[in-house]
Amino acid sequence: MTSPPRAAVVLFPGSNREGDVARALRQASGAPPAIVWHDDRALPAGTDLVVLPGGFSYGDYLRCGAIAARARIMDAVRAHAARGGLVLGVCNGFQILCEAGLLPGALMRNAGRRFICKMQHLRVENASTAFCRGYAPGQVIKLAIAHGEGNYTIDAAGLAALERSGRVAFRYCDATGAVGGRANPNGSMNDIAGVYNERFNVLGLMPHPENLIDPLVGGVDGRAMFRALAAP
Amino acid sequence: MKTRVIVTLKPGVLDPQGKAIEGALRSLGVDGVASVRQGKVFDIDIDVADRAAAKRELADACDKLLANAIVEDYAIEDD
C-alpha cells in the first residue's frame, strides 16, 4: 500500500500561518505535518513536501524573507528541492523562496503602498503540476490575499523565460478571469501571483490556499491544491 | 574600522515609498524636488587588517545578505 506523502512545515520566528497550513494538510491527508524549527539542520526522514508558511519572519527586517532565507534549515530545504522534493511557499514563504534563490524574482512593496487583505480571484495558468493537477487549466478560483510586499518583480529576460516555459502558476484576475487594471491588486508584473522553478517541484504564491478550505470562511478553492499534494 | 554600505534600488525598479516621500516634500513646499528614491545605509564596524580587506568582506556581506541583486545595487563608501 502506498502511504500518503509526508509533509513538513517550517516554523521561523514570526511565521503565523503554520497552523492554517497544518490544518489544510491534515484535512487533505488525514495526517498532521511535522513542524520543523528554522534552526534545525535536517528535515524529518522521508519528508516529501516542505511548506514555508506565511507570516512576518524576523519581523520583515532588511527585506521580507531575507533573513529566513539564510536560516540553517534552508540548506536542507535546498537539498530537498535539488532531489526533486516538493516545496510550497505561501506569502512570506514565497518571499523566502525568492530570497533563497529557489525561485526567480523578488516581491517588492505593493504599488499602491497599502497592505492588502481581501478575497482575490486567480487564474490557474498551469494545471499539469503536482500542486495544481486538481484544477482545470484556466480555472478561476478565489483565495485570500494578505500582504504588503507582493509586487512580483523580475528582469525582462527572466520574465520572458517564465512565460515561455509555463512557469507562471497563477495570475491575479477578476471574477470572469480577465487580467489587468484593477484586477491586479499589487502591481505585479504580468499579473503574476505565483511561479514555479524550472523543474516544477517548487511553487511560491502570494495568495493563501490554506485559508480557503472550509465553507465557513468563504470558500473551498484552496482544497484542490492540498488534495493533490496529499494523493499518494 | 568604521565602514558604511549604501544599498539603493536599481534604476527602473518601482519605489512607492520614494514616491510618497517625494509627494510629501512637495506638499511641504520643498522646492525643486524632481524625484526621490529611498535606500538603506548600514554602518558596520568591522575588525580586519586594512581597508582592502574590509572592502572584500563588505562586498561578500552585500552579495550574501545586505542587497538583493535582482532589484538592488550596493556601494561601499570610501573615507
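The following paragraphs lead through a predicted model with chains A and B, from the contact between the chains to a sheet, the nonpolar cores and two loop residues. Because the model is predicted, local features need pLDDT of at least 70 and side-chain atom pairs count only at pLDDT 80 or more, while totals for chains, interfaces and linings use all residues. Residues are numbered from 1 along each chain as its sequence is written, and chains are lettered from A and ligands numbered from 1 in the order in which they are written.

Where the chains meet, 14 residues of chain A are in contact with 9 residues of chain B, contact meaning that the C-beta atoms of two residues, placed from the backbone, lie within 7 Å. On the chain A side, the elements that contribute two or more residues are β5 (106-108) and β8 (151-153); helices (H or I, at least four residues) and strands (E, at least two) are DSSP runs, numbered from the N terminus. The residues of that side divide into 5 nonpolar, 4 polar and 5 charged, where Ala, Val, Leu, Ile, Met, Phe, Trp, Tyr, Cys and Pro count as nonpolar, Asp, Glu, Lys and Arg as charged, and the others, Gly among them, as polar.

Within chain B, 3 strands form an open antiparallel sheet in the order β2-β1-β3, pairing being assigned if DSSP finds at least two bridges between two strands. The edge strands, each paired on one side only, are β2 (40-45) and β3 (72-76) of chain B. Strand β1 (residues 2-9) of chain B pairs with β3(B) over 5 bridges, and V5(B) stands opposite I76(B) in β3(B). Helix α2 (residues 51-66) of chain B lies across β1, β2 and β3 of chain B, at about 35° to β1(B); axes are lines fitted to C-alpha atoms, for helices over the stretch in contact, and angles run from 0 to 180 degrees between N-to-C directions.

The largest nonpolar core has 74 residues, and V10(A), V87(A) and L97(A) have the most contacts inside it. Such a core is a set of buried Ala, Val, Leu, Ile, Met, Phe, Trp, Tyr and Cys residues joined through C-beta atoms within 7 Å. Leaving aside neighbours within four places in sequence, V10(A) is in contact with residues including V36(A), H38(A) and I73(A).

Two residues other than glycine have positive phi: L62(A), near 70°, and N190(A), about 50°. L62(A) lies in the loop between β3 (49-52) and α2 (73-82) of chain A, and it counts as partly exposed because it has 18 C-beta neighbours inside 10 Å; a residue is buried if 20 or more other C-beta atoms, placed from the backbone, lie within 10 Å of its own, exposed if 12 or fewer, and partly exposed in between.
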